[in-house]
Amino acid sequence: MIDKVVGTAAEAVADIADGASLAVGGFGLCGIPVALIDALHDQGAADLETVSNNCGVDDWGLGRLLADHRIRRTVSSYVGENKEFARQFLAGELEVILTPQGTLAEKLRAGGAGIPAFYTSAGVGTQVSEGGLPQKYDGDGGVLQASEPKEVRTFNDAPFVLEEALTPDFALVHAWKGDRHGNLVFRATAMNFNPLCAMAGQTTIAEVEELVEPGELDPAQIHVPGIYVQRVVEVGAGEKRIEKRTVRQPSDTPKEA
């Protein structure tokens, strides 16, 4: 078996070129590959296309690349919590392909499974299927580019829209544990999108909190087998942020009877 471990995050992303497409795992700020994103920011690649549930926040995650205008196009399902994202989109500086969350997940899973397209009921009867969804503005409030209509077919008397799979050039993912052969285990909410991105990327780069030797992971607990992964780098636990902290005021605490 091939030892897929590389020494640093910088080495792991060194060959990501300008114009590359990237699937980036995680959900909100949970389970995002921060070390790899930061290394890519330092590396300097630009004109990137990202595929991710969201695009980070203003000063963290993909938000760092976005702030430096290194992302040309993003395929996402949620674009809140990032003021610079909104500014760039409305100013005509960023192309945005809004995609229903489940559809985005299936686009990645299908890509990893070698399925070129699939039918889904999500988005039928809306601009997702009928076209006209703004993808890029001209900076003056006008729509410069809008989505095209998609094929709709009827199955069992119900309409379904055809969606194409995604197979980005690279995938950047964050795992709890991984071994030298690229087998990965994710933890809790980090399971969202990370396994799917790992499957879909043509070259998958995994940062892991803990690197273990082959045979230490229980085969029944492995979420992504090493066949999908080309590079592994150990980065430790790192900083784990909360995207939006909500707490209850002391006065709202229920009183005991």
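The overall dimensions of the chain are described below, followed by helix H5 and two buried residues, Glu 49 and Gly 63. The model is predicted, so local features are reported only at pLDDT of at least 70 and side-chain atom pairs only at pLDDT 80 or more, whereas totals for chains, interfaces and linings use all residues. Residues are numbered from 1 along each chain as its sequence is written, and side-chain values use heavy atoms, with hydrogens and water left out.

The chain contains 7 helices and 13 strands (DSSP runs numbered from the N terminus; H or I of at least four residues for helices, E of at least two for strands). Its radius of gyration is 20 Å, close to the 18 Å from the globule rule for 257 residues, so the chain is as compact as a globular protein of that length (taken over C-alpha atoms; the rule is 2.2 Å times the number of residues to the power 0.38). Along the principal axes, the C-alpha atoms fill a box of roughly 55 × 50 × 45 Å. Of the 257 residues, 47% are buried (under 20% relative accessible area, with a 1.4 Å probe and protein chains only; exposed is over 50%, and partly exposed lies in between). Among contacts (heavy atoms within 4.5 Å) with a separation of 6 or more, 71% join residues 24 or more positions apart.

Helix H5 comprises the 13 residues 101-113, and its end C-alpha atoms are 18 Å apart, in agreement with the expected 18 Å at 1.5 Å a residue (1.5 Å times one less than the number of residues). Buried positions in H5 are Thr 103, Leu 104, Ala 105, Lys 107, Leu 108, Ala 110, Gly 111 and Gly 112. These buried residues pack against strands E1 (21-24), E2 (48-51), E3 (71-76), E5 (117-120) and E9 (158-164), and against helix H7 (194-200). Gly 114 follows H5 and has a positive phi, near 80 degrees.

Strand E2 includes Glu 49, which is buried at a relative accessible area of 15%. The side chain of Glu 49 forms a polar contact of 2.5 Å with that of Arg 73 (N or O atoms within 3.5 Å, one able to donate a hydrogen and the other to accept it; residues adjacent in sequence count only if both atoms are side-chain atoms). Beyond four places in sequence, Glu 49 touches Ala 20, Ser 21, Leu 22, Arg 72, Arg 73 and Val 75.

Gly 63 lies in helix H3 (residues 62-67) and is buried, with 3% relative accessibility. Beyond four places in sequence, Gly 63 touches Cys 55, Gly 56, Val 57, Asp 58 and Asn 82. The C-alpha atoms of Gly 63 and Phe 85 are 7.9 Å apart, with the two residues 22 apart in sequence.
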